[in-house]
Amino acid sequence: MRPSHAAWLALPVALLSSLVAAVPSPAAYQDQQAFAAPALPERSRWRTLSGRLIGSIWGVPKADIGNAAKILKTNAQAPPHTLARYGGDVVLRFNISTAEEAKGLAEAADTLLLDVWEFSQDWVDIRLSKDIVGPLLGLLPASLQQAHTPLLRERELAQAIYDTYPSPRGSSARSHEPAHTPSPLRDRPFGPALQQNDGETNIFFTNYQPLSVIDPWMRLMASLFTTHVRKVDIGVSYQGRDIPGLRVGVHPTNGDEPNPPKRKTVLLMGGLHAREWISTSTVNYVAYSLITGYGRIPSITRLLEDFDFVFVPTVNPDGYVYTWETDRLWRKNRQQTNFRFCQGIDLDRAFGFQWDGAVTTAGNPCSESFAGEEAFEAVESKRLADWAKNETENNNVEFVGLLDLHSYSQQILYPYSYSCDDTPPGLENLEELAIGVQRAIRIAHGHSYEVLPACEGNAATTKQSKQRLWPRMEASGGSALDWFYHELKVRYAYQLKLRDRGMYGFLLPKENIVPTGKEILDAVLYFGGFLSESYGLSSAAAEGVESENSEPHVQDVAEVQEAIPAAVEEQDEVEDDWVWVEDIDIDIDPEGVQWELKRGRRR
Ligand SMILES: [Zn+2]
């Protein structure tokens, strides 16, 4: 929990001193004219700003939100205090065109521990209280004073937060079961869609779902589809929750041979960052599609004969629950740090390859990208790494692919994250597959994703020379991507940043769940086809060897889409979307389901 207002009042000295200590001395800025503020010495200006920022960093409710509650369409499903916490905040996009601007923003973000939402070569999105926008601009290079636009204005942020929670029961004709409270199986949001195809969409994917629904949903998948789905436990989180996973595959050879070949496995995970809900829903969407497509869609059946897929939708379950119950914009896990008032470690900075928490701002517990005191201090990162290692050492598994889903900005990032100076072995293959995935998404859905090395996703560079000129917006060592690629030797490892490009950012409206799911399903089918081909497995053999310039998997994608009744694209038509298991009655004997699926299997 964040400290109450009373606790804040009682402890201003500790808080202020930590912030002020983080403020560079005037000497550090002597040669940075852009930072010079004519009226006040810099130090006192920073300090003034620091005081104002305390409220936004520690989530102290703001007093002047006025009648905003009456203006906003609030949502009872959202955490209490949402409006108090975020009602006066805005999200600004700063457009960067010079190194000086990038440097100024990076230093402001570091010093003031700003909540940097996302950044690219050309822009940086930052959430901050509207009260500090003016003073902050006064400290930035003059050229930035005009070069920013609001992505979410005051109160729009709070409204967007409310809108990501399921609508309360009966509040609209399109609303469905509220997802908060687990109820008997029949009433669960994923129940009805499994039973019938009456034109309604699969209700599970019309809303973002809390862990209390996702977990039983995963158990249901495992109990319904026993031929090819197993529930797996990755480990236990800091607060004692299971990190749930589903292993999907048919093991055609294991068990038949004394020394079966290692089972080639693709890991698809989401929710390392708690607030990136679209990553969690997309992992579930792809899981559901492969699970229910098996035995019905030849390309999926072949894929699951060639590979196991492990789906982990919430690597950070404590953080995810916290975003549902307390703070929608929480990013890190919920681990206690050595600074009592700042909790949480950034799971994606906590892995043991090129961990850099000791030498970057990721060493500050109050930073959104705090990397911990040492590598793998973050419990969930450690559990995931231990589980993956154990799979490879003791369970006959070879991880050949990783797709680590995040949001936002529509990017396909490949190793390395920690540095652009280190070239990954197999760079050509990594790039080739990334470009193929990019094309598969574009052809099927018209959405463009950018392909970049992850280090460039983390640090602006000059476009012409590829030389890193601008400072990093945040630390970039200790990433899951780099660890899996380098330590676990996962040949095809990527981080995918999903929709959108900044209109809603982390608060992507729920109408995007299905379209984003489809987009990434296509990406996964292409990915799987490429891997089959590259490992000389059955999918590739069945389809023949494609020439380099063909569109080898478009046919698969079309095949999948054909199997989708009333396949529709964008937001307004989600209600009419598809259900793959429309004719599987949830009440029928599970043996019957198995038989149906077995009958559909290729021999
Ligand atoms: Zn993320």
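**Exercise 1. Work out how well helix 13 is covered, and by what.**

Step 1. Helix 13 spans residues 317-325, and eight of its nine residues are buried, so call it mostly covered. Buried here means 20 or more other C-beta atoms within 10 Å of the residue's own, while 12 or fewer is exposed and in between is partly exposed, with C-beta atoms placed from the backbone. Helices (H or I, at least four residues) and strands (E, at least two) are DSSP runs, numbered from the N terminus.

Step 2. Now tick off the buried ones: P317, D318, G319, Y320, V321, Y322, T323 and W324.

Step 3. Look around them: the cover includes helix 10 (211-224), strand 6 and helix 11 (277-293).

Before going on, keep in mind that this is a predicted model, where local features need pLDDT of at least 70, side-chain atom pairs count only at pLDDT 80 or more, and totals for chains, interfaces and linings use all residues. Residue numbers start from 1 along each chain as its sequence is written.

**Exercise 2. Trace the open sheet from edge to edge, then zoom in on two of its strand pairs.**

Step 1. Eight strands line up in the order 5-6-8-7-9-12-10-11, with mixed pairing. To pair, two strands need at least two bridges between them by DSSP.

Step 2. Find the edges: strand 5 and strand 11 (450-453) each pair on one side only. From one strand to the next, the twist averages 25 degrees.

Step 3. Start at strand 5 (residues 229-236), which runs antiparallel to strand 6 (residues 242-248) over six bridges. R230 has R247 of strand 6 as its bridge partner. The two strands make a hairpin with five residues between them, and G240 in the turn has a positive phi of about 95 degrees.

Step 4. Further along, strand 10 (residues 411-414) and strand 12 (residues 492-498) are antiparallel too, over three bridges. There, I412 sits opposite L496 of strand 12.

**Exercise 3. Describe how helix 18 packs against helix 15 and helix 11.**

Step 1. Take helix 15 (residues 427-445) and helix 18 (residues 513-535): their axes come within 9 Å and cross at roughly 140 degrees. Axes are lines fitted to C-alpha atoms, for helices over the stretch in contact, and angles run from 0 to 180 degrees between N-to-C directions. That makes helix 15 and helix 18 oblique to each other; angles under 35 degrees count as roughly parallel, over 145 as roughly antiparallel, 65 to 115 as roughly perpendicular and the rest as oblique.

Step 2. Check who touches whom: the contact residues include L433, G436 and V437 of helix 15, and K518, E519 and D522 of helix 18. A contact means C-beta atoms, placed from the backbone, within 7 Å.

Step 3. Turn to helix 11, which packs on helix 18 at about 60 degrees with the axes 9 Å apart. This pair is therefore oblique as well.

Step 4. Here I278, S281, T282, Y285, V286 and S289 of helix 11 meet I513, T516, G517, I520, L521 and V524 of helix 18.

**Exercise 4. Place L521 in its surroundings.**

Step 1. L521 lies in helix 18. With 24 other C-beta atoms within 10 Å, L521 is buried.

Step 2. Skip its neighbours within four places in sequence, and L521 contacts Y285, V286 and S289.

Step 3. Compare positions along the chain: L521 and A287 are 234 residues apart, yet their C-alpha atoms are separated by 8.9 Å.

Definitions and conventions:
Two residues are in contact if their C-beta atoms, placed from the backbone, lie within 7 Å.
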